[in-house]
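Subject: Structure handover and notes

Dear colleague,

I am passing on the structure we spoke about, with my notes on it underneath. Please read them with the model open beside you.

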Amino acid sequence: MIRLKVNRRSNVLLYAEMIIALLFFVISFAVIIRVFASADSLERRSRQRQSAALCAQSIAEAYSVGGDVQKAVSLALGADLRDFTGSAEIGLDSGFYPSDSSDVILRLDEQKQDTAAGVYSELAVEFFDNSGDDEEQIYSLKCGAYVPGGGAVG
């Protein structure tokens, strides 16, 4: 009978050790899942920021040639800005293409300054993430263009 009590005690310790090991693995699993979720979120943000930078650079290069916002946006995105009056918002999907379901919002603000020799204009290009409750800025860029007017200083 003494032998049975010793076996029972070793079985109880074995079960306690197994439960502790199981708890350790469950806690480790929860931590690893959180790490992978945050890494996925960071990777998504990085990809979004990179796409916004490429899109903004394309708009800026097209804009710097002639100072025409409608033409620059048409060349870079394929979007049509017929009634552009100095500022506009364009809804973009997650692939940065014009869409009605806007995951990303592109804001364009243009300011022109007339001079005797031509027109200097600046364009602010800003991208905002619209997938959450509040808009978070992804990327912004300012570019300029000078369109000579043929005037002379007199």
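The notes below go through the core, one glycine, the pocket, the cavity and the cysteines in turn.

Please keep in mind throughout that this is a predicted model, and that each value below was computed from it.

I begin with the packing of the interior. The largest nonpolar core has 26 residues, and within it Leu106, Leu108 and Phe127 are the ones that touch the most other members. Two or more residues of this core come from each of helix H1, helix H2 (69-77) and the strands S1, S2, S3 (118-129) and S4 (136-148), with H1 giving the most, namely six residues. As general background, nonpolar side chains in soluble globular proteins tend to be buried together.

Leu108 deserves a look of its own. Once its neighbours within four places in sequence are set aside, Leu108 is in contact with a list of residues that includes Val69, Val73, Leu81, Phe84, Gly86, Ile90, Leu123 and Val125.

One of those partners, Gly86, lies in the loop between H2 and S1, and it counts as buried because its relative accessibility is 19%, where the limit for that class is under 20%. Apart from residues up to four places away in sequence, Gly86 touches Leu108, Asp109 and Glu110. The C-alpha atoms of Gly86 and Val69 are separated by 8.9 Å, with the two residues 17 apart along the chain.

Next come the open and enclosed spaces. The largest pocket has a volume of about 170 Å³, and its lining is made up of Arg44, Arg47, Gln48, Ser51, Ser94, Gly95, Phe96, Asp103, Val104 and Ser131. Helix H1 (residues 2-66) supplies the largest share of that lining, with four residues, while by class the lining divides into five polar, three charged and two nonpolar residues.

Phe96, one of the residues lining this pocket, lies in the loop between strand S1 (87-92) and strand S2 (104-114). Most residues other than glycine have a negative phi, whereas Phe96, which is not a glycine, has a positive phi of about 65°. Phe96 is also buried, with a relative accessible area of 7%.

As for enclosed space, a search of the whole structure finds one cavity of 30 Å³ or more, and the volume of the largest cavity is about 30 Å³. Its lining consists of Arg45, Gln48, Arg49, Glu136, Gln137 and Ile138, and the elements that give two or more residues to it are H1 and S4. By class, three of these lining residues are charged, two are polar and one is nonpolar. Gln48 appears both in the lining of the largest pocket and in that of the largest cavity.

Finally, how many disulfides does the model contain? The count comes to zero. The sulfur of Cys55 has its closest cysteine sulfur in Cys143, 12 Å away, and is therefore too far for a bond, given that a disulfide needs the two sulfur atoms within 2.5 Å. Cys143 is likewise in no disulfide, the nearest cysteine sulfur being that of Cys55. Cys55 counts as buried at 9% relative accessibility, and Cys143 is buried with a relative accessible area of 9%.

With best wishes

Conventions: Residues are numbered from 1 along each chain as its sequence is written. This is a predicted model: local features need pLDDT of at least 70, side-chain atom pairs count only at pLDDT 80 or more; totals for chains, interfaces and linings use all residues. Side-chain values use heavy atoms; hydrogens and water are left out. Buried means under 20% relative accessible area, exposed over 50%, partly exposed in between (1.4 Å probe, protein chains only). On a 1 Å grid over the protein atoms alone, a cavity is a set of points where a 1.4 Å probe fits but cannot get out, and a pocket is an open set with protein on both sides within 12 Å along at least five of seven lines; lining residues have an atom within 4 Å of a point. Grid points are joined across faces, edges and corners, and a volume is the space filled by probe spheres set on the points. Ala, Val, Leu, Ile, Met, Phe, Trp, Tyr, Cys and Pro count as nonpolar, Asp, Glu, Lys and Arg as charged, and the others, Gly among them, as polar. A nonpolar core is a set of buried Ala, Val, Leu, Ile, Met, Phe, Trp, Tyr and Cys residues joined through side-chain atoms within 4.5 Å. Contact means heavy atoms within 4.5 Å.
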